[in-house]
Amino acid sequence: MNKDVCVIVPYYNGSKFIERALKSIYSQTVTPSEVIVVDDGSSEDEAGFLIKIAEKYPFKLIKKDNGGQGSARNEGVFAAKSEYICFLDQDDYFYPWHIDKLLSVVPDNNNFFGFAYGDVAEAEGNGDIVRSSMIKEHSVHPKENLYQILGKDMFVLPSASIISRVAFESVGGFDEQFTGYEDDDLFLRMFRGGFTNIFVDESVTVWCIHSASTSYSVKMSRSRWRYYKKLKELYPDDRLKKRFIFSDLLRPRFGPLIFNDALQSKLCKSIDYPELKGYFVEFFFTLFKDKHVRKVVKLKYLLWLLLLGLPRWLLFILRIRCGF
C-alpha cells in the first residue's frame with residue numbers, strides 16, 4: 001500500500017503562528033509527499049502574508065470562503081493525492097518525529113485501519129512547554145469502548161494523528177456544522193464505522209493553547225451545544241440493556257460546561273448571554289424530566305439555574321466566597 005503522507009494546515013488570519021507550523025513540517029525526519037495550506041477566507045493583509053510565505057516554503061496554497069476549520073480540512077483532503085493525512089493547526093507545531101512515529105505503526109494492507117495518534121505536549125501561545133504529556137490524564141487510550149467515548153472528550157487531536165484517507169472519506173470527513181468538537185465527531189464516526197485506532201504513547205505534537213483559540217470563544221459554546229444535541233439524538237437510552245446515555249454520560253460531560261458558558265457570558269456582559277442561557281434552560285428541563293437523573297443532581301442544576309437569575313454584583317461576591 002502507498003504510504004505517502006499529506007500534511008494539511010487550515011489557515012485563518014494566522015500570520016503570528018503559521019511560519020512556526022511550517023518549519024516543523026519541513027523539519028520532519030520523514031518528509032511528507034504533499035503539504036497543503038488552506039486559506040479559509042482570511043483578511044486581505046493576512047492572505048497577503050501567506051502568499052509571501054509561500055515563496056519561502058513549497059506548499060500548495062488553496063483559497064476558499066470562510067467556512068470553519070472542518071470545512072478547510074475537508075477542502076485540503078479533497079485536493080490531496082496521498083493515502084494518509086496529517087493535519088496541523090496553524091498555531092501548533094510538530095515534533096520532528098511526528099510523521100515517522102505515527103507512520104511506523106500503520107499496518108500494511110489493512111482496509112480497516114482508521115487512524116493512529118500520539119500524545120501531545122501542552123504549551124502556551126508562544127510555544128513554551130507547560131506539560132510534556134497530557135492526554136492520558138483526561139481520557140482512556142486507545143479507543144475501545146463507545147460509552148467511554150460518549151462520556152468524556154476523546155482527546156484525539158487531529159494535529160497529533162495520521163488518518164487513512166479511505167476511512168476519512170468513508171465517514172464523510174468533518175461535519176462542517178461544528179467549529180469545535182469536529183474532531184471528536186470525526187473519530188467517533190470512524191470508530192462506529194469499524195475502523196481501528198492505534199495509540200502511540202509518546203508526544204508527537206505541541207498543542208499551543210491561548211486566549212485566541214477557538215476553545216475560548218462563543219463559537220465553541222455553540223458548537224458544544226450542537227454536538228451535545230447530535231449525540232443525544234443519535235444515542236437514546238437503551239432501557240432493555242439499562243444503558244442510560246443522557247443521565248450517565250451526556251449530562252456529566254456537557255452539563256457543567258453549558259452552565260459555565262452561560263455564567264461566564266453573564267459575568268462578562270456578553271451579548272451572547274440570552275442565547276447561552278437558553279441552552280442551559282433547555283438542558284435543565286431535559287434533565288428535570290429524565291427519571292434516571294437522581295434528585296440531588298436535579299437540585300444542583302436548579303440551584304445553578306437560580307444563580308443565573310442573580311444580579312452580576314452578587315454573582316461576583318459568590319464567586320469569590322464560594323469559588324465557583
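These legends describe close-up views of a predicted model.

**View 1. Asp119, a buried acid without a salt bridge.** Asp119 sits in strand 6, residues 113-123. The nearest side chain of opposite charge is Lys136, 4.8 Å away. A salt bridge needs the nitrogen within 4 Å of a carboxyl oxygen, so this pair does not count. The side chain of Asp119 does make a polar contact with the side chain of Ser133, at 2.3 Å. Beyond its neighbours within four places in sequence, Asp119 is in contact with residues including Ser133, Met134, Ile135 and Lys136. Others in contact with Asp119 include Ala160, Phe199, Val200 and Glu202.

**View 2. The interface of domain 1 and domain 2.** Domain 1 covers 3-206 and domain 2 covers 216-320. Their C-alpha centres lie 30 Å apart. In contact across the interface are 19 residues of domain 1 and 16 residues of domain 2. The two domains bury about 1600 Å² between them, with 57% of it on carbon and sulfur atoms. Tyr147, Leu150 and Tyr181 supply 43% of the area that domain 1 buries against domain 2, more than any other three residues.

**View 3. Polar links across the domain interface.** Four salt bridges cross between domain 1 and domain 2. The interface also holds 13 residue pairs in polar contact, both residues at pLDDT 80 or more. On the side of domain 1 that touches domain 2, helix 5 (146-151) and helix 7 (182-192) are the elements that give two or more residues. The side chains of Arg253 and Asp184 form a salt bridge, N to O at 2.8 Å.

**View 4. Glu182 and Arg73, a buried salt bridge.** The closest N and O atoms of this pair are 3.4 Å apart. Glu182 belongs to helix 7 and Arg73 to helix 3 (residues 69-79), so the salt bridge links parts of the chain 109 residues apart. Both residues are buried.

**View 5. Glu282 and Lys229, a salt bridge between two helices.** The closest N and O atoms are 2.5 Å apart. Glu282 lies in helix 10 (residues 273-289) and Lys229 in helix 8 (residues 218-234), so the pair ties together parts 53 residues apart in sequence. Glu282 is partly exposed, at 35% relative accessibility. Lys229 is also partly exposed, at 35%. Elsewhere, salt bridges with shared partners join Asp175, Asp185, Arg189 and Lys230 into one network.

**View 6. Arg131 and Glu137, a salt bridge with an exposed acid.** The closest N and O atoms of Arg131 and Glu137 are 2.7 Å apart. Arg131 is partly exposed at 25% relative accessibility. Glu137 is exposed, with a relative accessible area of 55%.

Conventions:
Residues numbered from 1 in each chain as written. Predicted model: local features only at pLDDT ≥ 70, side-chain atom pairs only at ≥ 80, totals over all residues. Heavy atoms only, no water. Helix = DSSP H or I, 4+ residues; strand = E, 2+ residues; numbered from the N terminus. Buried < 20%, exposed > 50% of the residue type's maximum accessible area, 1.4 Å probe, protein only. Lys, Arg positive; Asp, Glu negative; His and termini not counted. Polar contact = N/O pair within 3.5 Å; in protein donor to acceptor, adjacent residues only side chain to side chain. Contact = heavy atoms within 4.5 Å. Domains from an automatic or database assignment. Buried area = accessible area lost by both parts, 1.4 Å probe.
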